[in-house]
Amino acid sequence: MAQAAGSETRHLVLVLGDQLDACSAVFDGFDPQTDVVLMMEVAEEATYIPQHKIRLALFFSAMRHFRRALEERGFTVHYATLEDADNRGTFAAEIERWVLKKRPDRLVMVQPGDCRVEQAIRQAAKALNVPLEIRADRHFLCDLDTFRNHAEGRRSLRLETFYRDMRRRHGVLMAGDDPEGGQWNFDKDNRESFGAGGPGPIRSPQSFQPDTITRDVIAMVERRFAASPGTLAHFDYPVTRDDALAALRDFIEHRLPNFGRYQDAMVSGQPYLYHARLSCVLNLHLLNPREAIEAAIDAYRAGHAPLNSVEGFVRQILGWREYVRGIYWLKMPSYADLNALDATLPMPAFMWTGETEMNCLRQAVGQLVDHAYAHHIQRLMVLGLFAMLLGVHPYEVHRWHMSMYADAIDWVSLPNVLGMSQYGDGGIVGSKPYAASGNYINKMSDYCAGCRFDPKKATGDDACPFTTLYWDFLARNRQRIAGLRHMGYQLRNLDRKDDAERRKIRQRADGLKSDLASDAYL
Ligand code: FAD
Ligand code: DLZ
Ligand code: SF4
């Protein structure tokens, strides 16, 4: 392509903090003679919501390592650090600064992971009158047009249909036209808890100790974001491509064989159990989902891991991860405004600190403070469940989630939080609210044994707040959920309670809400 007269730069190639893939479509046709990369650390991304120190350090460290990897390939990288004196603090203003400096013929990027960011960059390019080319992100296995076609004409968009389609289309775990092992999913084998003896020793995920780049970033975060939630004392996330591959090998070798069986279990003081801890490297694009899927299938073929674990893991990545991204881009921007249960309360203050008497929440938020990580069932059936039962506004729950988790990016957090965990979307992602009482937590964890509350009780001083709020939730939302499949059993149990019992539940639920609103319940 001919360059504009007087222009030294053909393409200004934008690489955002979650696009750290050397094989990205953004580098297709990249010519080091005429094209340059722009990476921007910007204050706006670190402050538009308060963010966990680990999350900030992870993004900045991974970005700086990726810059080094590109430079080692001979690419010119213009890299704005957060502390550069002339850094203007937003994507739009930084793009303007670099466009005026480099006068490129065109801006090139891949689809960002956040609708807000896409809009800001589109507007910036328009205002500068410079063409912007947004390429499809081939990190994902399902491009957005394919998802749109899948959605076309369907009344409901359930994961299971999409997942089977993906298995067939990509030939993953298939035996001819049938699913490997004769079943599409092994959910019923994947719900074990550890029982009284506990899990015994489980090898923790490989730890990646901070190098000089990460230590510099940690010092910067401590300096500039001292008031942010969380601690950096335990930072050991993978931050490079080599780290990401090592983290994958470590999971396949040591945890995948038991992943399926104990996927839903929760244990005090054990954040990871048999989970992968790969969501961050996947979401930063340091690891390709195909690599994770292939490694798991190789382990199955080699007899190292059973099918229930491998299928369970594949379903999360080939199924859920691709599905929520499809939903996000299909439904945004209006999806963010959905609030099917008309929930209005703010997030309780202890969700940032873990300072609460409820042991399950103390454990789960404590983990977040230390590691910016909670596994799936803690997110859904402890943290998310509490927020939904209480009646917190679903977008507030999403904002909190974006603050506290290292792996949260808008495309993945929003459908999971607002949709799956809060039922804010009224049934787009899940067919019904994941409502449960403290009894579920008691069955799947050892949390209740160390708690002053009793999961079986809904009223009285030692009643479990989850159990009180569960019945209150069903009663409050009766009209909204009565017609949903699979809610009948729960509603019939509610109907068995007499008026006096219901009144007591209501009173205790109101008391909990007002205590939480005034922070008295910390
Ligand atoms: P594992 O349990 O070992 O699972 C393996 C991989 O599967 C994960 O690394 C992840 O890439 C993928 N995966 C599993 N479930 C999902 C899912 N529902 N959506 C997308 N990918 C999935 N995941 C995120 O990456 N970022 C988020 O912001 C996020 N928010 C969530 C919020 C809620 C309320 C819930 C219920 C789930 C959320 N998830 C999110 C999905 C899932 O909980 C995390 O991916 C997982 O806990 C990360 O830990 P892991 O790598 O050990 O995962
Ligand atoms: C989360 C985050 C943070 C804290 N900082 C940056 C940044 O300085 N520069 C950047 O390119 N991306 C950052 N991100 C990720 C963005 O908030 C956002 O999730 C992605 O740009 C979406 O593609
Ligand atoms: Fe959580 Fe209730 Fe169990 Fe306590 S009793 S740990 S509050 S579920």
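User: How far is a polar side-chain atom of Asp18 from an oxygen atom of ligand 2?
Analyst: That pair is 2.7 Å apart, so it falls inside the cut-off for a polar contact, which is two N or O atoms within 3.5 Å (within protein, one must be able to donate a hydrogen and the other to accept it, and residues adjacent in sequence count only if both atoms are side-chain atoms). Bear in mind that this is a predicted model, where local features need pLDDT of at least 70, side-chain atom pairs count only at pLDDT 80 or more, and totals for chains, interfaces and linings use all residues. Residues are numbered from 1 along each chain as its sequence is written, chains are lettered from A and ligands numbered from 1 in the order in which they are written, and side-chain values use heavy atoms, with hydrogens and water left out.

User: What does Glu45 do with ligand 2?
Analyst: One of its polar side-chain atoms is 2.5 Å from an oxygen atom of ligand 2. There's a backbone contact too: an N or O atom of the Gly113 main chain lies 2.8 Å from an oxygen atom of ligand 2.

User: How many residues are around ligand 2, and which come nearest?
Analyst: There are 18, with Gly17, Asp18, Met40, Val42 and Glu45 nearest. Being near means having a heavy atom within 4 Å.

User: And ligand 1, how many surround that one?
Analyst: 29 residues, and the closest are His275, Ala276, Arg277, Asn283 and Tyr373.

User: Which side chains reach nitrogen atoms of ligand 1?
Analyst: Among them, Asn416 has a side-chain N or O atom 2.9 Å from a nitrogen. Gln316 puts a polar side-chain atom 3.2 Å from a nitrogen, and His401 does so at 3.3 Å.

User: OK, ligand 3. What classes make up its shell?
Analyst: 9 nonpolar residues, 1 polar and no charged ones. The classes are Ala, Val, Leu, Ile, Met, Phe, Trp, Tyr, Cys and Pro as nonpolar, Asp, Glu, Lys and Arg as charged, and the others, Gly among them, as polar. The shell includes Cys360, Cys448, Cys451 and Cys464, along with Gly438.

User: Switching to strands. What does E1 pair with?
Analyst: E1 (residues 11-14) runs parallel to E4 (residues 106-110), with 3 bridges, and parallel to E2, again with 3 bridges. Pairing takes at least two DSSP bridges, and the elements are DSSP runs numbered from the N terminus: helices are H or I with at least four residues, strands E with at least two. Leu12 is bridged to Leu107 in E4 and to Val36 in E2.

User: What's on the other side of E2?
Analyst: I can only give you the pairing: E2 (residues 36-40) is joined to E3 by 4 bridges, running parallel. Leu38 stands opposite His78 there.

User: Are the E3 residues buried or exposed?
Analyst: Val77 and Tyr79 point one way, His78 and Ala80 the other, and all are buried. Buried is under 20% relative accessible area, exposed over 50%, partly exposed in between (1.4 Å probe, protein chains only). In a regular strand, side chains alternate between the two faces of the sheet.

User: Which peptide bond is cis?
Analyst: The one joining Met332 and Pro333, with omega about 5 degrees. Pro333 is in the loop between H12 (307-331) and H13 (359-371).

User: Where does Asp342 lie, and what is its phi?
Analyst: It's in the loop between H12 and H13, with a positive phi of about 50 degrees. Most residues other than glycine have a negative phi. His486 also has a positive phi, about 75 degrees, and is exposed at 53% relative accessible area.
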